[in-house]
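Here is a short report on one protein model. Please keep the structure open while reading.

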Amino acid sequence: LQSFDDVRHAAYDPLIDHQMNARYFAEGYALYARFRIGHIASAESDLRRLKHASESRFVPATIFALGELGRNNYPEAFAAIRQCRDNRECWYTHFGVDPLVKDLPLENADLRR
């Protein structure tokens, strides 16, 4: 969790050139981890902050998918994954093999439909 927090609060993003912002991924994985380890209040607060931010700027749906996966809210996670596809975010295709989301009841082929 500390590693994710370090990246999401970093001033410099090492992947910023020609890549999606690594801080976005760190936000999503931090949400996932917070929900899974029981830091529910801080995870909910971060999720509200991100949803509010998404009203005025692009926030990848991948973040919301990871947050919903973290709290085992699969219907909302699947809705966010569908939005990832619509946004042409590619990171969600890793969910089927990502060790942090090993509980995702979805096959890689389903992610690409």
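## Terms and overall layout

A residue counts as buried under 20% relative accessible area, as exposed over 50%, and as partly exposed in between. That scale is used throughout this report on a predicted model.

The protein has six helices and zero strands. Along the sequence the pattern reads α-α-α-α-α-α. Of the 113 residues, 42% are buried. Contacts with a separation of 6 or more were also sorted by distance along the chain. Residues 24 or more positions apart account for 53% of these contacts.

## Helix α4: a covered segment

How many of the residues of α4 are buried? The count is 10 of 10, and α4 is thus mostly covered. The buried set is A61, T62, I63, F64, A65, L66, G67, E68, L69 and G70. Against which helices do the buried residues of α4 pack? They pack against α2, α3 and α5.

After α4 comes N72, which has a positive phi, near 60°.

## How α4 meets α5

Helix α4 spans residues 61-70 and helix α5 spans residues 74-87. Their axes come within 8 Å and cross at roughly 165°. Angles over 145 degrees count as roughly antiparallel. The two helices, α4 and α5, are therefore roughly antiparallel to each other. The crossing of α4 past α5 is left-handed.

On the α4 side, the contact uses A61, T62, F64, A65, E68 and L69. On the α5 side, the partners are Y74, E76, A77, A80, I81, Q83, C84 and N87. By type, the residues of this contact split into nine nonpolar, three polar and two charged.

## Salt bridges between α2 and α3

Side chains of opposite charge can pair when their charged atoms come close. The salt-bridge count here is five. Three of the pairs are described in this report, starting with R49 and E27.

R49 bridges to E27, with the closest N and O atoms 3.0 Å apart. The pair links distant parts of the chain, 22 residues apart. R49 sits in helix α3 (residues 40-53), and E27 sits in helix α2 (residues 22-37). Is each partner buried or partly exposed? R49 has a relative accessible area of 37%, so R49 is partly exposed. E27 has 11%, so E27 is buried.

R34 pairs with D46, and here the closest N and O atoms are 4.0 Å apart. R34 lies in α2 and D46 in α3, so this bridge ties together parts that are 12 residues apart in sequence. Both R34 and D46 are buried.

## The E68–R71 bridge and the shared network

E68 also takes part in a salt bridge. The side chain of E68 meets that of R71 at 2.9 Å, N to O. E68 has a relative accessible area of 4%, so E68 is buried. R71 has 29% relative accessibility, so R71 counts as partly exposed. Which residues do shared salt-bridge partners join into one network? They are E27, R34, D46 and R49.

## Recap

E68 recurs in this account. It belongs to the buried set of α4, it is among the α4 residues that meet α5, and it forms a salt bridge with R71. Elsewhere, the pairs R49 with E27 and R34 with D46 link α3 and α2.

Methods: Residues numbered from 1 in each chain as written. Predicted model: local features only at pLDDT ≥ 70, side-chain atom pairs only at ≥ 80, totals over all residues. Heavy atoms only, no water. Axes fitted to C-alpha atoms, helices over the stretch in contact; angles between N-to-C directions. Helix = DSSP H or I, 4+ residues; strand = E, 2+ residues; numbered from the N terminus. Parallel < 35°, antiparallel > 145°, perpendicular 65-115°, else oblique. Left-handed = near helix turned anticlockwise from the far one by under 90°. Contact = heavy atoms within 4.5 Å. Nonpolar A, V, L, I, M, F, W, Y, C, P; charged D, E, K, R; others polar. Buried < 20%, exposed > 50% of the residue type's maximum accessible area, 1.4 Å probe, protein only.
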